[in-house]
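Colleague: I have a model open and would like to learn how to read it feature by feature. Could you walk me through it?

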Amino acid sequence: MKPRHHKFAAALVGALCMAGLALAAGPAKTAKPAADQRAPLVLLDAERHLVLEEMRNFLAVLQTITDALPREDMKEVARAARTMGSGAANEIPPVTVAKLPEEFKVLAGGVHTSFDLIALDAESLGDPKHTISQVAEMLQKCNACHGIYQIKVGKDVRPGSRTN
Ligand code: HEC
């Protein structure tokens, strides 16, 4: 770079830094951070715990699957996927499921069905690339639901129910 360009680059970096500082300082003083606009699922604390535990299990199984794929260990992929399939024991009690909106249940069911298919195809096709594309497709369902809902802890609002 020629010296003149050096100067210009330095000035540009300086200007960008100033703009960055102004941005960082500006809105923080005037506006509050935007509130979470996603639809709240109002659950008891223990119910929230169960739902989030299932979520962490989803993530743990995805970790196992992505660990097994480069080794082409399709048996392990199938085994792990099946633990989150629709045949797996459901940890969420019916009373909690009853509080969840229909769309939530459809999306959650879709994820379990995806795990079923991942397990079946891992066994019958044994093709890691195919499995990866199935995982990517399933992750869209995870993302879709996360874009719509948040969990809030609140009192049980159903008539005749205990409050905690
Ligand atoms: C039917 C809706 C739905 C689907 C499908 C879904 N999630 Fe979630 N997930 C949620 C909600 C709601 C939360 C809580 C978000 C909040 O309150 O900010 C959550 C939270 C999580 C968390 C945070 C857990 C914690 O301990 O805080 C992880 C990790 C997660 N999800 C992973 C996944 C993965 C991976 C998938 C797909 C395999 C998935 N989820 C599919 C609704 C869903």
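Modeller: We will go from the overall layout to the helices, their packing and the ligand.

Modeller: First, some ground rules: this is a predicted model, in which local features need pLDDT of at least 70 and side-chain atom pairs count only at pLDDT 80 or more, while totals for chains, interfaces and linings use all residues. Residues are numbered from 1 along each chain as its sequence is written.

Colleague: How many helices and strands does the chain have?

Modeller: Helices (H or I, at least four residues) and strands (E, at least two) are DSSP runs, numbered from the N terminus. Here the chain has six helices and two strands, and along the sequence they follow the pattern α-β-α-α-α-α-α-β.

Colleague: What percentage of the residues count as buried?

Modeller: A residue is buried if 20 or more other C-beta atoms lie within 10 Å of its own, exposed if 12 or fewer, and partly exposed in between, with C-beta atoms placed from the backbone. In this chain of 164 residues, 11% count as buried. Contacts are a separate matter: two residues are in contact if their C-beta atoms, placed from the backbone, lie within 7 Å. Among contacts in the chain with a separation of 6 or more, 74% are between residues 24 or more positions apart.

Colleague: How do I check the span of a helix, say α2?

Modeller: The expected span is 1.5 Å times one less than the number of residues. For α2, with 24 residues, that gives 34 Å, and the end C-alpha atoms are 35 Å apart, which agrees. For α5, with 23 residues, the expected span is 33 Å and the end C-alpha atoms are 33 Å apart, so that agrees too.

Colleague: Which residues of α2 are buried, and what covers them?

Modeller: Glu47, Val61, Ile65 and Ala68 are the buried residues of α2. Their cover includes β1 (39–43), α3, α4 (94–97) and α6.

Colleague: At what angle do α2 and α3 cross?

Modeller: Axes are lines fitted to C-alpha atoms, for helices over the stretch in contact, and angles run from 0 to 180 degrees between N-to-C directions. Angles under 35 degrees count as roughly parallel, over 145 as roughly antiparallel, 65 to 115 as roughly perpendicular and the rest as oblique. The axes of α2 and α3 (residues 74–82) cross at roughly 170° and come within 9 Å, so the two helices are roughly antiparallel. On the α2 side, Val61, Thr64, Ile65 and Ala68 meet Glu76, Val77, Ala80 and Ala81 of α3. That contact has six nonpolar, one polar and one charged residues; Ala, Val, Leu, Ile, Met, Phe, Trp, Tyr, Cys and Pro count as nonpolar, Asp, Glu, Lys and Arg as charged, and the others, Gly among them, as polar.

Colleague: Which residues of α5 are buried?

Modeller: They are Ser114, Phe115, Ile118, Ala119 and Ala122, and these buried residues pack against α3 and α6. Phe115 also has a partner distant in sequence: Arg82, 33 residues away along the chain, lies 6.4 Å from Phe115, C-alpha to C-alpha. Arg82 itself is in α3 and, with 19 C-beta neighbours inside 10 Å, counts as partly exposed. Just after α5, Gly126 takes a positive phi of about 60°.

Colleague: How do α5 and α6 pack?

Modeller: Their axes are 10 Å apart at an angle of about 170°, so α5 and α6 are roughly antiparallel to each other. By class, the contact has eleven nonpolar, five polar and three charged residues. Leu107, in α5, touches Lys141, Ala144 and Cys145, leaving aside residues up to four places away in sequence. Leu107 and Cys145 are 38 residues apart in sequence and 6.7 Å apart in space, C-alpha to C-alpha. With 17 C-beta neighbours inside 10 Å, Leu107 counts as partly exposed.

Colleague: Which residues come nearest to the ligand?

Modeller: A residue is near a molecule if its C-beta atom, placed from the backbone, lies within 6 Å of it. Of the 19 residues around the ligand, Met55, Phe58, Leu107, Cys142 and Cys145 come nearest. Elements supplying at least two residues each are α2 (45–68), α5 (102–124), α6 (128–148) and β2 (149–153), and α2 gives the most, with six. The shell has 15 nonpolar, two polar and two charged residues.
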